[in-house]
Amino acid sequence: MTFITLEHILAHTSFFLLFFVTFIYWGKFLYINIKTITILGEISMKIACFCITSFLLIRWVSSGHFPLSNLYESSMFLSWNFTLIHLILENKSKNTWLSIITAPSAMLAHGFATLSLPKEMQESLFLVPALQSHWLMMHVTMMMLIWANEAWGSYWNWDPKETWALITWLIFAIYLHTRMIKGWQGKKPAIIASLGFFIVWICYLGVNLLGKGLHSYGWLV
């Protein structure tokens, strides 16, 4: 059995399980609370997390790089993060109300990767030259600038992804300033945080869908 076959099995199995878990937790939200089904949902989420973890590890081994090189791999990694957050919160708080958010979030991120993106992107390919760097796993804050200089010969290029990332940082810097320095509470900081959340998705998803700029490999390699 090849790595590709294993990846397909794990991807489809985990998506089915996440869909099933989402159905269960939304059923509980609508007051359909049966203990046996709840336990089945918890087990299914653990199996889904295991499947996505195995998928990412196999992709890592087969490709030779950490699976964050394009929109497909990053979406699967995001889905894995949601499943992990789900399990941690459920284990610590014993309260399942957050599961109505984490479970569908994991399913939607996974579904976007496996059902919406083109097959060409889902294949494991060699990294483009700009990503052939040890900075791939940790390109945040100042490290992103160092990597940009290494890959393109400049610390800042006003690339769409870079620009929206800067806007994201500024929005959340304003949020922290208003909360910690100004002491804002309630509606005003909530509006800023909501705007920041929206901007994050523009930076992560919207810019990639445009397929323009130095980061266009995130859409199609």
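These are my notebook entries on salt bridges, one buried threonine and one pocket in this structure, which is a predicted model.

**Entry 1: salt bridges**

I began with the charged side chains, since side chains of opposite charge can pair when their charged atoms come close. My search for such pairs gave 2 salt bridges in the structure. In one of them, the side chains of E7 and R59 meet, with 3.0 Å from N to O. I then looked up where the two partners sit: E7 belongs to helix α1, which covers residues 3-29, and R59 belongs to helix α2, which covers residues 35-63, so this pair ties together parts that are 52 residues apart in sequence. I also checked whether they are buried or exposed, and both E7 and R59 turned out to be buried.

The other salt bridge also involves R59, whose side chain meets that of E73 at 2.8 Å, again taken from N to O. Here E73 lies in helix α3 (residues 71-93) while R59 lies in helix α2, so the pair ties together parts that are 14 residues apart in sequence. I noted that E73 is buried, as R59 is. Because a shared partner is easy to miss when pairs are listed one by one, I wrote down that the salt bridges join E7, R59 and E73 into one network.

**Entry 2: T83**

Next I turned to T83, which is found in helix α3. Is T83 buried or exposed? Its relative accessibility is 0%, and since buried means under 20%, T83 counts as buried. I then asked which residues T83 touches, leaving aside those up to four places away in sequence, and I found L18, M45, C49, I52 and A106.

**Entry 3: the second largest pocket**

For the last entry I looked for empty space, which shows up when a probe the size of a water molecule is rolled over the atoms. I chose the second largest pocket, whose volume is about 290 Å³. It is lined by 17 residues, and those closest to its centre are I4, E7, H8, Q122 and E123. E7, then, appears here as well as in the salt bridge with R59.

Which elements give two or more residues to this lining? They are α1, α2, α4 (99-116) and α5 (119-122). The largest share, 6 residues, comes from α1. Finally, I sorted the lining of the second largest pocket by residue type, and I wrote down 7 nonpolar, 6 polar and 4 charged residues.

Methods
Residues numbered from 1 in each chain as written. Predicted model: local features only at pLDDT ≥ 70, side-chain atom pairs only at ≥ 80, totals over all residues. Heavy atoms only, no water. Salt bridge = Lys/Arg side-chain N within 4 Å of Asp/Glu carboxyl O. Helix = DSSP H or I, 4+ residues; strand = E, 2+ residues; numbered from the N terminus. Buried < 20%, exposed > 50% of the residue type's maximum accessible area, 1.4 Å probe, protein only. Contact = heavy atoms within 4.5 Å. 1 Å grid on protein atoms, 1.4 Å probe; cavity = no way out; pocket = protein on both sides within 12 Å on 5 of 7 lines; lining within 4 Å. Points joined across faces, edges and corners; volume = space filled by probe spheres on them. Nonpolar A, V, L, I, M, F, W, Y, C, P; charged D, E, K, R; others polar.
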